[in-house]
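These are my notebook entries on one model, kept in the order in which I looked things up. I began with the helices and then turned to the strands and the loops.

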Amino acid sequence: MWVRKSKDELQEDKIAKSKTALKYAAWTFVISISLSIIKDRFIGTGGGTAPWGKPISWHEIHYNIFLYIVFSFLLALAAYKTTTYSKSSTQICNKCNKTQNKGKSSHCKCGGSFINIDLMKWVE
Ligand SMILES: [Zn+2]
């Protein structure tokens with residue numbers, strides 16, 4: 001049956017989630033900064049002083065490195081936040097185990113109430 005997770009279990013979930021989020025953020029940062037630099041060096045920045053087809057030099061990339069870092073950091077931050085705040089959209093009734101999508105009524109026809117499935121666990 002479905003039971004509510006304990007405070008400790010929810011805490012563990014939270015830690016596991018932020019570890020996953022950090023991993024995503026780190027990858028986002030590395031991929032974003034690599035792709036930005038490769039694109040600018042071999043394709044061009046696509047605007048301003050170096051339009052498409054006019055790659056910029058390594059010297060210019062070195063000069064702009066702070067911008068690449070800031071841009072990639074913001075993307076990584078967005079990835080981190082999105083992952084940590086994402087919740088399942090499934091709710092489950094604490095009495096009859098009926099499921100529904102979030103947004104509908106929080107009360108089940110059986111008299112129970114719907115709880116986000118992230119807060120629940122299955123026990124035999
Ligand atoms: Zn119910």
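Before the first entry I fixed what I mean by a helix: a DSSP run of H or I with at least four residues, numbered from the N terminus, while strands are runs of E with at least two. The model I am reading is a predicted one.

**Entry 1: the end of α1**

With that definition in hand, I looked at what follows α1 and found Gly44, whose phi is positive, near 125°. I then checked the length of the helix: α1 has 36 residues, which at 1.5 Å a residue should span 52 Å, and its end C-alpha atoms are indeed 52 Å apart, so the two values agree.

Phe42 is also part of helix α1. Is Phe42 buried or exposed? I count Phe42 as exposed, because it has 9 C-beta neighbours inside 10 Å, and the cut-off for exposed is 12 or fewer. I also noted the distance from Phe42 to Ser57, which is 8.9 Å from C-alpha to C-alpha, with their positions 15 residues apart in sequence.

**Entry 2: α3 and its two faces**

I next took up helix α3, which runs over residues 65–85 and has 21 residues. From its first C-alpha to its last α3 reaches 30 Å, close to the 30 Å expected at 1.5 Å a residue.

Which residues of α3 are buried? I found Ser72, Ala76, Ala79 and Tyr80. These residues cover an arc of only 100° around the axis, and therefore they lie on the same side of α3. I recalled the general rule here: an α-helix has 3.6 residues a turn, so residues three or four places apart point the same way. On the face of α3 turned away from its buried side I listed the exposed residues Phe66, Leu67, Val70, Ala78, Lys81 and Tyr85.

**Entry 3: where α1 and α3 meet**

I asked what the buried residues of α3 pack against, and the partner is α1 (7–42). Looking from the other helix, I found that the buried residues of α1 are Ala25, Thr28 and Phe29, and that they pack against α3.

How many residues does the largest nonpolar core have? It has 5, namely Ala25, Phe29, Ala76, Ala79 and Tyr80. The elements giving two or more residues to this core are α1 and α3, and the largest share, 3 residues, comes from α3. I followed Ala79 in particular: leaving aside its neighbours within four places in sequence, Ala79 is in contact with Tyr24, Ala25 and Thr28.

**Entry 4: the sheet**

Turning to the strands, I traced an open sheet of 3 strands in the order β3-β2-β4, with antiparallel pairing. Its edge strands are β3 (99–101) and β4 (114–116), each of which pairs on one side only. Neighbouring strands of this sheet are turned by 40° against each other on average, with direction ignored.

I then went through the pairings of β2. Strand β2 (residues 90–93) is joined to β4 by 3 bridges, and the two run antiparallel; on this side I noted Cys93 with Phe114 as its bridge partner, and Gln91 standing opposite Asn116. β2 and β3 likewise pair in the antiparallel sense over 3 bridges, and there Thr90 stands opposite Asn101.

**Entry 5: the hairpin loop**

The hairpin of β2 and β3 has 5 residues between the strands, and I stopped at Asn97, which lies in this loop. Asn97 has a positive phi of about 65° although it is not a glycine. I class Asn97 as partly exposed, because 14 other C-beta atoms lie within 10 Å.

**Entry 6: the segment after β5**

My last residue was Val123, which lies in the segment after β5 (120–122). I count Val123 as exposed, because it has 7 C-beta neighbours inside 10 Å. Which residues are in contact with Val123, leaving aside its neighbours within four places in sequence? I found Met1 and Val3. I also looked up its distance to Asn94: the two residues are 29 residues apart along the chain, and their C-alpha atoms are separated by 13 Å.

Methods. Residues are numbered from 1 along each chain as its sequence is written. This is a predicted model: local features need pLDDT of at least 70, side-chain atom pairs count only at pLDDT 80 or more; totals for chains, interfaces and linings use all residues. Two strands pair if DSSP finds at least two bridges between them. Axes are lines fitted to C-alpha atoms, for helices over the stretch in contact, and angles run from 0 to 180 degrees between N-to-C directions. A residue is buried if 20 or more other C-beta atoms lie within 10 Å of its own, exposed if 12 or fewer, and partly exposed in between; C-beta atoms are placed from the backbone. The expected span of a helix is 1.5 Å times one less than its number of residues. The arc is that of the directions from the helix axis to the C-beta atoms. Two residues are in contact if their C-beta atoms, placed from the backbone, lie within 7 Å. A nonpolar core is a set of buried Ala, Val, Leu, Ile, Met, Phe, Trp, Tyr and Cys residues joined through C-beta atoms within 7 Å.
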